[in-house]
Amino acid sequence: MTRILIVDDEETIRLALRKFLRSRGHEVEIAGAGDQALEILEQESFSLMLCDVRMPGMTGVQVVPQAKALDPNLAIIMLTAVNDAATATEVLSAGASDYLMKPVELADLEQAVDRALNKRAEVIEQRRLDKLIREEVALRTAELEREKESLRLMSVSIAETLINAMEAKDLYLRG
């Protein structure tokens, strides 16, 4: 079950979104302010956060980078009643996955949630694969270094054996 945190200062929106998302099989928590959302994120893990852009106190724009710092895998969808390109650019560059206008159509919200969760899953899988590749490269590099050292020691040993053979064969070559 996917855990979603809804952050909005308007209670009617929080409750409506929670009801809709629960009906879609998600586990939903709500917060009425940005600082409250960050406290919840410090205590619990979520897959997705729906966050209002304009709230009293800490704005959604301020919440995004701090939420991403707490959980880099958190997918974030911003909700706003004001269509502001500068704000949209700022939150998207800070790590938000999407930016939706209120009132949001429920079908659009569901699609945005699905997109954000799929993108999150892809990012997590990519990070896992990158980690596996780095570990494999480190392992192979260590093996190559051991082989290199073994070859160096064998080369020195062969040179010493040849020198000893030449010295044994000819008295003038000793030393």
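These are my notes on a sheet and the helices packed in this structure.

**Entry 1: the model.** I am working from a predicted model.

**Entry 2: the sheet.** I looked up the strands first. Five of them form an open sheet, and the pairing is parallel. I read the order as 2-1-3-4-5. Which strands stand at the edges? I found strand 2 (27–31) and strand 5 (98–101) there. Each has a single partner strand, so one side of each is left without a neighbour in the sheet. I also checked the twist. On average, neighbouring strands are turned by 20° against each other, direction ignored.

**Entry 3: one strand pair.** Next I took strand 1 (residues 3–7) and strand 3 (residues 48–52). They run parallel, and four bridges join them. I picked out Ile4, which stands opposite Leu48 in strand 3.

**Entry 4: helix 5 on the sheet.** Which strands does helix 5 touch? I noted strand 1, strand 3, strand 4 (75–80) and strand 5. The direction of helix 5 makes about 155° with that of strand 4.

**Entry 5: helix 1 against helix 5.** Two packed helices are described by the angle between their axes and the distance between the axes. I looked up both values for helix 1 (residues 11–23) and helix 5 (residues 106–169). The angle is about 65°, and the axes lie 11 Å apart. The crossing is right-handed. From helix 1, the contact uses Leu17, Phe20 and Leu21. Helix 5 supplies Leu106, Leu109, Glu110 and Val113. I sorted these contact residues by type: six are nonpolar, none is polar and one is charged.

How values were computed: Residues numbered from 1 in each chain as written. Predicted model: local features only at pLDDT ≥ 70, side-chain atom pairs only at ≥ 80, totals over all residues. Heavy atoms only, no water. Axes fitted to C-alpha atoms, helices over the stretch in contact; angles between N-to-C directions. Helix = DSSP H or I, 4+ residues; strand = E, 2+ residues; numbered from the N terminus. Left-handed = near helix turned anticlockwise from the far one by under 90°. Contact = heavy atoms within 4.5 Å. Nonpolar A, V, L, I, M, F, W, Y, C, P; charged D, E, K, R; others polar. Pairing = 2+ DSSP bridges.
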